[in-house]
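Dear colleague,

Please find below the structure that I am handing over to you. After it, I set out what was found in it, arranged by topic.

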Amino acid sequence: MEFWKLFFVALMPVLKVLLITALGTILAINRFDILGETARKNLNTMVYFVFSPTLVYSSLAETITLRSVVMLWFMPINILLTFVIGSVLGLLVVKLTRVPHHLQGLVLGCCAAGNLGNLPIIIVPAVCKQSGNPFGDVNVCYKNALAYASLSMALGSIYIWSYAYNLVRLYAPKICNEAKIAENSMVNPMSITKTDPENPSTCSRGLPFLSVVGDKSQSQDHVKNFEIQCTNCDDGKKEEAERGEMIMKQLKTLVKKINLKILFTPSTIGAIVGLIIGVVPQFRKLLIGDKAPLHVVEDSIVMVGYACIPVMTLLVGANLIKGLNGVGKQLPLIVGITVIRCIVLPGIGVGIVKGVVRLGFIHNDPLYQFILLLQFALPPAVSLSTITQLFGAGEGECSVIMFATYSCAAVSVTLWCTFYMWLVL
């Protein structure tokens, strides 16, 4: 297809997103206050616990089969690459702009975690519905697009709440101090009592033996030397045992602190259930299709899930209201994150995806390749706003970053989508 035709196909979905986002921003301003703080919290809760998991579940259950799961194996790796490469580039921003310590986790999170849920699930199916879309039959394209985008949302949720969550957590002021204490105790667990003259058994290994040997005359008899060496060997073994016990205790404490509820978000659970029903033929016959005995249950879930897209888009606009002020204060930071997310990372994504296609590791489906490429070109994940609120680390700065990056993404996503469609066809 011609470049300009592809450009308009890519532009229309982004314009729809922008219009609904602008409506959300207008509804959130104080003059109207329809999407005020309380309303946003309630809607966010509905999206998190109801709309998002039902949409993910219904999309995957209807379209994913065992064969397609095997074909989509590269998507988790692709998303992981976006996080790892984004983190490395984020470290460059931290060094170049001299970001304060408490904001470093936020910067790394914004560079690593893209909006793998909201935007793909809005943009990709909308591209399929455009007249003259390059991906074939509208109905087939739309169903496949929803499935790919839903899987992207579920995987993105897992990575964000395991990877980006801990990045922000490690650099949060309170957690940072606790981490330093833990690190010091792990590196040198005997440091508190090491120089205690009252407790020679805690000295470092080998020192008691050296001091004793130095003080003894050469005429000291063989048996006493042997007894001293044996005593110090026993002390060394005790020290090793104590260190081992201390490390095991710290590992047990770490395991207890890992909250699996954070990883298994409602969207992730919805994705797991949807994959099970889609892959297992008995469940599929029971729920999916007009002739299925429980198809009314599936239809009800689908109806609820369809509310997710417009509500999420309105909330994106409403949440950006906080970032309208203060853009100038964080300009170097914003420029660095925007360049990475809108220019550098998408370019790297082209090399990775095309290299994998050329090596024959993924199947030759233009729509699948398109969404793999799109995962590199997305603005920061909206979930980072929630994460910064949890730790109280850079909440205001996060709103400013979101406002600036999403404003730039309106142009960059359109251009990259146009280029990606031209590239995969």
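**Two loop residues**

Asp-33 is located in the loop that joins α1 (3–28) to α2. Please bear in mind throughout that this is a predicted model. The phi angle of Asp-33 is near 55°, which is a positive value in a residue other than glycine. Asp-33 counts as partly exposed because its relative accessible area is 47%, and partly exposed residues are those between the limits of 20% and 50%.

A second loop residue with a positive phi is Arg-98, whose angle is near 50°; this residue, too, is not a glycine. Arg-98 sits in the loop between α4 (74–97) and α5 (101–112). Is Arg-98 buried or exposed? Its relative accessibility is 75%, so Arg-98 counts as exposed, the limit for that class being over 50%. Arg-98 also has a partner that is distant in sequence: Leu-333 is 235 residues away along the chain, yet the two C-alpha atoms are 9.0 Å apart in space.

**Helix α2 and the salt bridge**

How many salt bridges does the count come to? The count comes to one. In this salt bridge the side chains of Lys-41 and Glu-37 meet, with 3.7 Å from N to O. Both residues belong to helix α2, where they are four residues apart, or about one turn of the helix. Lys-41 is exposed, since its relative accessible area is 52% and the class begins at over 50%.

**The largest pocket**

Helix α2 also takes part in the largest pocket, to whose lining it gives the most, with nine residues. Which helices supply at least two residues each to this lining? They are α2 (37–63), α7 (138–171), α15 (308–319), α18 (383–391) and α19 (395–424). The space in the largest pocket is about 1,000 Å³. Its lining consists of 39 residues, and those nearest the centre are Asn-44, Tyr-48, Val-382, Ser-383 and Thr-386. By type, the lining is made up of 18 polar, 16 nonpolar and five charged residues.

**A buried residue in α7**

Helix α7, one of the helices that supply the pocket lining, also contains Ala-145. Ala-145 counts as buried because its relative accessibility is 0%, and the limit for buried is under 20%. Between Ala-145 and Ala-126 there are 8.9 Å in space, C-alpha to C-alpha, and the two are 19 residues apart in sequence.

**A nonpolar patch on the surface**

Turning to the surface, Phe-264, Ile-269, Ile-272, Val-273, Ile-276 and Phe-283 make a nonpolar patch of about 500 Å². Which helix gives the largest share of this patch? Helix α12 (residues 266–279) does, with four residues. Ile-276 is in helix α12 and is one of the residues of the patch. With a relative accessible area of 40%, Ile-276 is partly exposed. That value meets the patch requirement, because a patch residue must have over 30% relative accessible area.

I suggest viewing the topics above in the order given, with the structure open beside the text.

Yours sincerely,
A colleague

Terms used. Residues are numbered from 1 along each chain as its sequence is written. This is a predicted model: local features need pLDDT of at least 70, side-chain atom pairs count only at pLDDT 80 or more; totals for chains, interfaces and linings use all residues. Side-chain values use heavy atoms; hydrogens and water are left out. On a 1 Å grid over the protein atoms alone, a cavity is a set of points where a 1.4 Å probe fits but cannot get out, and a pocket is an open set with protein on both sides within 12 Å along at least five of seven lines; lining residues have an atom within 4 Å of a point. Grid points are joined across faces, edges and corners, and a volume is the space filled by probe spheres set on the points. Ala, Val, Leu, Ile, Met, Phe, Trp, Tyr, Cys and Pro count as nonpolar, Asp, Glu, Lys and Arg as charged, and the others, Gly among them, as polar. Patches are made of residues with over 30% relative accessible area and no salt bridge: like charges are joined within 9 Å, nonpolar side chains (Val, Leu, Ile, Met, Phe, Trp, Tyr) within 5 Å. Accessible areas come from the Shrake-Rupley method with a 1.4 Å probe; for residues, only the protein chains shown count as cover. A salt bridge is a side-chain nitrogen of Lys or Arg within 4 Å of a carboxyl oxygen of Asp or Glu. Buried means under 20% relative accessible area, exposed over 50%, partly exposed in between (1.4 Å probe, protein chains only).
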